[in-house]
Amino acid sequence: MLSPSLEDYLEEIYRFSVSHDIVRVTDISHKLNVKLPSVTKAVGKLRAGGYITYQKYGVIGLTDKGRQTGGYLVERNTLLQEFLRTICADCDVDAEAEAMEHYLSKTTIVSIQHLMVFMKEHPTTYQQFVDYVQQSKKKDKER
Ligand code: MN
């Protein structure tokens, strides 16, 4: 199991690898705004876990396991952002999805996925929910 911090590193390495041919330790350091020694330490742990390879000049490569897990982490983050928007949460969606992602079990993630698909397949029902939320917010304001 990866710690929240290592999950974030792997997630960012994966994101970067999708749009760039080469991922360097310095890229991740800039992207996450953390000092180079911290990134090097995290990268060492990810390598020990078999998620990445680490070559000369700070070049990071993803193993199959790393690519698979990284892809899952990105999808999970996207799903939680979508979830927060779907329930009409008045929050900083990026920040809250970022905070939630590490603490939910895989089965809860699957349940949220089911809810998202259900809402998409039942737009009328979803609209009822949105109307209900808007009415509730209006009532709360009037109180
Ligand atoms: Mn996170």
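**View 1. The largest pocket in this predicted model holds about 210 Å³ of space.** Have a look at who lines this pocket: Met1, Leu2, Glu7, Tyr51, Thr69, Tyr72, Leu73, Arg76, Leu104, Ser105 and Lys106. Which helix gives the most to that lining? That would be helix 4, running over residues 64-86, with four residues.

**View 2. Two lysines sit over tyrosine rings.** Start with tyrosine 51, one of the residues lining the largest pocket. The charged end of lysine 65 is perched over the ring of tyrosine 51, 4.4 Å from the ring's centre. Now shift to tyrosine 72, where lysine 106 lies over the face of the ring at 4.8 Å from the ring centre. Both tyrosine 72 and lysine 106 also turn up in the lining of the largest pocket. As for rings pairing with rings, the structure has one aromatic pair.

**View 3. A manganese ion is held by four protein donors, Asp8, Glu98, Glu101 and His102.** Asp8 offers an OD atom, Glu98 and Glu101 each bring an OE, and His102 uses NE2. These donors lie 1.9 to 2.3 Å from the ion. Reading along the chain, their spacing goes D-x89-E-x2-E-H. Aspartate 8 belongs to helix 1, while histidine 102 comes from the loop between helix 5 (93-100) and helix 6 (106-121), so this pair ties together parts that are 94 residues apart in sequence. Are these two residues buried or exposed? Aspartate 8 and histidine 102 are both buried.

**View 4. Glutamate 12 is a buried residue in helix 1.** Helix 1 covers residues 4-19, and aspartate 8 from the manganese site lies in this helix too. Why does glutamate 12 count as buried? Its relative accessibility is 12%, and the buried label goes to anything under 20%. Which residues does glutamate 12 contact, once its neighbours within four places in sequence are set aside? They are Ile28, Lys31 and Leu32.

**View 5. Cysteine 91 sits in the loop between helix 4 and helix 5.** Helix 4 is the one that gives the most to the lining of the largest pocket. With 23% relative accessibility, cysteine 91 counts as partly exposed, because that label covers the range between under 20% (buried) and over 50% (exposed). Leaving out residues up to four places away in sequence, cysteine 91 touches Leu84 and Glu96.

Methods. Residues numbered from 1 in each chain as written. Predicted model: local features only at pLDDT ≥ 70, side-chain atom pairs only at ≥ 80, totals over all residues. Heavy atoms only, no water. Helix = DSSP H or I, 4+ residues; strand = E, 2+ residues; numbered from the N terminus. Buried < 20%, exposed > 50% of the residue type's maximum accessible area, 1.4 Å probe, protein only. Contact = heavy atoms within 4.5 Å. Phe/Tyr/Trp six-rings, centres within 6.5 Å; stacked < 30°, edge-to-face > 60°. Lys NZ or Arg CZ within 6 Å of the ring centre and 35° of its normal. Donors = N, O, S within 2.8 Å, 3.2 Å for Na, K, Ca; no water. 1 Å grid on protein atoms, 1.4 Å probe; cavity = no way out; pocket = protein on both sides within 12 Å on 5 of 7 lines; lining within 4 Å. Points joined across faces, edges and corners; volume = space filled by probe spheres on them.
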